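Reader: I would like a close look at one part of this model, with the surroundings filled in afterwards. Please keep it plain.

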Amino acid sequence: MKKIAIIGSGIAGMTSAYLLSKKYNVTVFEKNNYIGGHTATVEVEMGGQTLAVDTGFIVFNDRTYPLFEKLLAQIGIDRKPTEMSFSVHNLDTGFEYNGHTLATLFAQKRNILRPKFWHLLWQIVRFNRICKDIYHSGEYEQALTLGQFLDRHNFNDFFRNHYILPMGAAIWSTSIKKMNDFGIEFFIKFFFNHGLLDITNRPQWYVIPGGSKQYIDPLVNEFKDNIVLNAEISSVQRLQDKVKILFSNGDVQEFDKVVFACHSDQALSLLGDASEAERQVLGAIPYTANSVVLHTDESLLPVRKAAWASWNYRLDNNTDRAAVVTYQMNILQGIESQLPLCVTLNCDDAIDENKVLRRFTYHHPVFNSESLAAQQRRTEINGVNSSYFCGAYWYNGFHEDGVRSAVDVARLLDVEF
Ligand SMILES: Cc1cc2nc3c(=O)[nH]c(=O)nc-3n(C[C@H](O)[C@H](O)[C@H](O)COP(=O)(O)OP(=O)(O)OC[C@H]3O[C@@H](n4cnc5c(N)ncnc54)[C@H](O)[C@@H]3O)c2cc1C
C-alpha cells in the first residue's frame, strides 16, 4: 500500500486523511498538541458547570456547505439551528443597531427619528437589488473593486462604514480599508450564495451541539493511531517518485506522496526545493495573524442588550485596523452561563484583563486580486512532483472550502467522496 504523509490536521487535513485512508496508508503530522486546527473548542469552568466554547470554527449553513454536511452525515454528527445576526456599534458616535429583526433594528430608539438611518435601510435594499441584477446577468466588470463599485453607484460613506464594509471585514477578518480592494465578482458571488443580498430567504445556520470539536473523534477514528502531534518538520524534499520528510531532531521519513494541508505560506516555508510555480502560486496567497480572545467583558458588545447580535462589529475611526468583531457565544451556541461568553477578534487592548479566559492567535487568508488569480493556477502545482495542496484558502476561506479542497486532492488520488 502506498504511503501518504498529510501535513496539518485542520478540516482539510482530517478530510483528506479520512478519504485517503480508504485506499492508502496515511500518516498525519500536526505541529500543535491537539487535532483540529481552527476547529478549536475549549472547556470553561463557570458556576459549577463545564461549558464547551468554540474559539475558531463555529457555524455552517444548509445552502453553501453541502460537502461538510455530507461528511457530518457519514460520521453520524448532529447539528442544531442557530441565529446569525449582525450588529454595528460605533464607538465615536454611539450609533448602534442589530439587523436581525425590526425590534432589534430600532434597539436604539433614536434611530426611528434619524433620516440617515432610514436612508441606510433604503441603500441596503438598493445595494442588494443592483448586486442581484449583476449576478443574474453575469455581467461583472472585470477588475472592478468593491470600493470602485460603491463609487460608481453613489453609495454614501454612512452606508459603506456602517453596513457593507464592516460586514465584509467581519466575514474575512480584514480591515474596512482592505475591503474596498475586494474584487466585485468574488464579493457579489459570495454574498449572493450566502443569501446576504436577501432580507428574507436567508439560509438556516447551524452549530454542532457540544461544540464543533465533537466531529473530530468520529472523523479521525479510522486513522487515529497514525496521527503524530507536536510534529516538528523542518523541511520536505521531493525526490524521483519519493518524498522525504525531515524533522528538526534529525529524523527522516520517506513517503510516496505528501499532502500539504497547512496554510499556503506554511507549505511554501517547508519546501526547500520549491518549484518556480509553487513559489509564485503559494507565495501570492498570504495569511494574516488575528488575535482571538475568549472573555466575559460585555463592554465589547453594543450598549443596549437588545442590540446584541451573534456577530457584533465595533467601529472606530481607524479604517486600517483589522475588523474588531465579537462573537456572542451564548447566542451562537445556545449556551446558558452566569456571565456572557464572548470571542473577540483583533482587540486585545480594550478587554478587561480580569475578564479574559483564554488568548489565541489564528491566521486568515488574504483575498485580493493577486491571491484570487493564484487560486486559478492550482492545477500547476497540485498533483505535480508527488505533492498535493489543500486548505480553505483555495476557495473562500471557510469550512466547506477546507472539505472541498480535500475532496479535490482525494479525487486526484483516485478516491471519490
Ligand atoms: C476565529 C475564527 C472563526 C472562524 N469561524 C468560522 C465559521 O464559523 N465557519 C466557517 O465556515 N469558517 C470559520 N472560520 C474559517 C476557518 O479558518 C476554516 O473554516 C477552516 O477551519 C480552515 O481549515 P484548514 O484546514 O484550511 O486550516 P487550519 O484549520 O488552520 O489547519 C491547518 C493545520 O495545519 C497545521 N500546520 C501548519 N504548519 C504545520 C507544520 N509545519 N507541520 C504540521 N502541521 C502544521 C496547523 O497547526 C493546523 O492544525 C473561522 C476562522 C477563525 C480563525
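Which residue in E18 is the bridge partner of Leu294?

Author: This is a predicted model. In strand E18, Leu294 has Val343 as its bridge partner.

Take Leu294 itself to begin with. Leu294 belongs to strand E15, which spans residues 287-295. Leu294 counts as buried because 21 C-beta neighbours lie inside 10 Å, and the cut-off for buried is 20 or more. Apart from neighbours within four places in sequence, the contacts of Leu294 are Val42, Val53, Thr55, Val343, Leu357 and Arg358. Val343 is thus named twice, as a contact of Leu294 and as its bridge partner. Leu294 and Gly283 are eleven residues apart in sequence, yet their C-alpha atoms are 32 Å apart in space.

Now the strand on the other side of that bridge. E18 covers residues 342-345, and both of its faces are covered. Cys342 and Thr344 are buried on one side, and Val343 and Leu345 are buried on the other. E15 and E18 run antiparallel and are joined by four bridges. Besides the Leu294 and Val343 pair, Val292 stands opposite Leu345 in E18.

E18 has another partner in strand E17, residues 325-328. E17 and E18 also run antiparallel, with four bridges between them. Here Thr326 stands opposite Thr344. E18 is therefore joined to E15 by four bridges and to E17 by four bridges, where two bridges are enough for strands to count as paired.

E15 in turn pairs with E19 in the antiparallel sense, over nine bridges. Val292 stands opposite Phe360 in E19, and Val292 also stands opposite Leu345 in E18. One residue of E15 can thus be followed to both E18 and E19.

Between E18 and E19 there is a loop, and Asn346 lies in it. The phi of Asn346 is near 65°, a positive value in a residue other than glycine. Most residues other than glycine have a negative phi. Asn346 counts as buried, because it has 20 C-beta neighbours inside 10 Å. Ser173, in the loop between H6 and helix H7 (176-179), also has a positive phi without being glycine, with a value near 50°. Ser173 is buried, with 21 other C-beta atoms within 10 Å.

Next, the wider setting. The domain assignment gives domain 1 as 3-40 + 212-284 + 369-412 and domain 2 as 85-201 + 287-365. The C-alpha centres of the two domains lie 32 Å apart. Nine residues of domain 1 are in contact with nine residues of domain 2. On the domain 1 side, helix H13 (residues 369-375) gives the most, with three residues. By class, that side has two nonpolar, six polar and one charged residues.

The largest nonpolar core has 116 residues, and those that touch the most other members are Ala5, Ile6, Ile7, Val259, Phe260 and Cys390. Helix H6 (residues 157-172) supplies the largest share of this core, eight residues. Both domain 1 and domain 2 give residues to the core, so it lies between them. In soluble globular proteins, nonpolar side chains tend to be buried together. Leaving aside neighbours within four places in sequence, Phe260 is in contact with Ile7, Ala267, Ser387, Tyr388 and Phe389.

Then there is the ligand, which 34 residues surround, the closest being Gly8, Gly10, Gly37, Cys262 and Phe398. Strand E19 (356-365), already met as a partner of E15, is one of the elements that each supply at least two residues of the shell around the ligand. Helix H1 (11-20), helix H10 (264-270) and helix H14 (399-412) also do so. H1 gives the largest share, three residues. By class, the shell has 17 nonpolar, 15 polar and two charged residues. Each of the two domains contributes at least three residues to the shell.

A contrast with Leu294 is Asp217, in helix H9 (residues 216-220). Asp217 is exposed, because 12 other C-beta atoms lie within 10 Å, and 12 or fewer counts as exposed. Asp217 and Ala373 are 156 residues apart in sequence, and their C-alpha atoms are 36 Å apart in space. Leu294, by comparison, is buried with 21 C-beta neighbours inside 10 Å.

How values were computed
Residues numbered from 1 in each chain as written. Predicted model: local features only at pLDDT ≥ 70, side-chain atom pairs only at ≥ 80, totals over all residues. Domains from an automatic or database assignment. Contact = placed C-beta atoms within 7 Å. Nonpolar A, V, L, I, M, F, W, Y, C, P; charged D, E, K, R; others polar. Near = placed C-beta within 6 Å. Core = buried A, V, L, I, M, F, W, Y, C linked by C-beta atoms within 7 Å.
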